[in-house]
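Here are a few exercises to work through with the model open beside you. Try each task before reading its solution.

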Amino acid sequence: MKILISADMEGATGVTWPADVLPGTPQWERCRGLFTSDVNAAALGFFDGGADDVLINEAHWSMRNLLLERLDERVEMLTGRHKSLSMVEGVQHGDVDGVAFVGYHTGAGTEGVLAHTYLANSITGVWLNGTRASEGLLNAHVVAEYGVPVVLVTGDDLTCADAEGYAPGAQKVAVKDHVSRYAAVCRTPARTAADIRAAAKVAAGLAVRQDPVQGGPFTVELEFDAEHLAMAATVVPGAERTGERRVAYTSGTMYDGIRTFKAVTTIVSAAVEEQYG
Ligand SMILES: [Zn+2]
């Protein structure tokens, strides 16, 4: 049995503040340890539950955050940027039986600690076929196309509630309770590691490959915080203006859908000016 852990940082233990997840800050240096603790606890739980292999895919910012030297010696870690499937890179090779979303968070424009969708700012909402979409929801559709179930989700309590919508059968662990976008009631790493490890052990039993799901076509609509960002996004083939600050595109598969999403966010990032956005 092989498990893929998609590891994002905003939903990690103790993390509530932008600097906590911003590479290079003293806070980030400290929070890397907390993040690594969550991911390692998940890996240990999956091994407890019978996994033979655990591949960890770094999914936050520069995708260089985890401390490899503190991980269980049985894991492998994919670190660094530029990957076909970004946050769920590795699922496409046909040998993964279950996926875990560790350190995930809620979507742009919704309640939740450090809520956003791919870009920290600029994107104020994402909808998939008319439904509000978080990174978890989008990536759940990607992995479903490969017949791989989402078996574990960790993050704040609202992330767990969001996951009930896209992975109702998955194990969920809330490592903190939302108070505001930048505040949470946090539990200690000793406690969250124990909770995550126990949940991952159960989740290993859910890691059974299924028939691939072809749920398309997928219409993805994005709303931005400035009009010119919508205009900039339309250089991506297929992205059409649907409102003053909105664009939408339609893809036959979520594989194409997530790749186009990446293209849109890359173009939009380049169009953001420091003071005016
Ligand atoms: Zn994220």
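Two strands count as paired if DSSP finds at least two bridges between them. Strands (E, at least two residues) and helices (H or I, at least four) are DSSP runs, numbered from the N terminus. The model is a predicted one, where local features need pLDDT of at least 70 and side-chain atom pairs count only at pLDDT 80 or more, while totals for chains, interfaces and linings use all residues. Residues are numbered from 1 along each chain as its sequence is written, and side-chain values use heavy atoms, with hydrogens and water left out.

**Exercise 1. The antiparallel sheet**

Find the residue in S10 that stands opposite Val126, then work out the strand order of the antiparallel sheet.

Solution. Start at the pair itself: Val126 faces Leu222 in S10. Next, look at the two strands around that pair: S5 and strand S10 (residues 218-224) run antiparallel and are joined by 5 bridges. Now widen the view to the open sheet, where 5 strands follow the order S6-S5-S10-S12-S11. Strand S6 (131-132) and strand S11 (240-243) each have a single partner strand, so one side of each is left without a neighbour in the sheet. Finally, add the helix: H6 packs on this sheet and touches S5, S10 and strand S12 (246-251), its direction making about 150° with that of S12. (Such angles run from 0 to 180 degrees between N-to-C directions, with axes fitted to C-alpha atoms, for helices over the stretch in contact.)

**Exercise 2. The mixed sheet**

Which strands make up the open sheet with mixed pairing, and in what order?

Solution. Walk across the sheet and you get 7 strands, S3-S2-S1-S4-S7-S8-S9. At the edges sit strand S3 (76-78) and strand S9 (183-186), each pairing on one side only. From one strand to the next, the twist averages 25°.

Now zoom in on S4. On one pairing, S1 and S4 run parallel with 5 bridges, and Leu4 has Val99 in S4 as its bridge partner. S4 also pairs with S7 in the parallel sense, over 4 bridges, with Phe101 standing opposite Val153 in S7. Then check the cover: 7 of the 7 residues in S4 are buried, buried being under 20% relative accessible area, exposed over 50% and partly exposed in between (1.4 Å probe, protein chains only). Helix H2 (residues 135-144) lies across S4 and strand S7 (150-156), at about 165° to S4.

**Exercise 3. The zinc site**

Identify the residues that coordinate the zinc ion, and say whether Asp8 is buried or exposed.

Solution. Begin with the donors (N, O and S atoms within 2.8 Å of the metal, or 3.2 Å for Na, K and Ca; water is not among the atoms, so sites may look incomplete). They come from Asp8 (OD), His105 (NE2) and Glu135 (OE), at 1.9 to 2.2 Å. In sequence, the donor residues are spaced D-x96-H-x29-E. Asp8 and His105 link distant parts of the chain, 97 residues apart: Asp8 is in the loop between strand S1 (2-7) and helix H1 (26-48), and His105 in the loop between strand S4 (98-104) and strand S5 (123-128). As for accessibility, Asp8 counts as buried because its value is 2%, and His105 does so at 3%.

**Exercise 4. Domains and core**

Where does the largest nonpolar core lie relative to domain 1 and domain 2?

Solution. First set the bounds, which come from an automatic or database domain assignment: domain 1 covers 2-110 + 146-204 and domain 2 covers 218-270. Their C-alpha centres are 27 Å apart.

Next, find the core, meaning a set of buried Ala, Val, Leu, Ile, Met, Phe, Trp, Tyr and Cys residues joined through side-chain atoms within 4.5 Å. The largest one has 49 residues, of which Phe101, Leu222, Phe224 and Phe261 touch the most other members. Helix H6 (residues 254-271) supplies the largest share, 6 residues. Both domains give residues to this core, so it lies between them.

Last, look around Leu222. Beyond its neighbours within four places in sequence, its contacts (heavy atoms within 4.5 Å) include Ile123, Val126, Phe261 and Val264. There is also a second, separate core of 39 residues, with Ile3, Ala12, Met77 and Leu152 among them.
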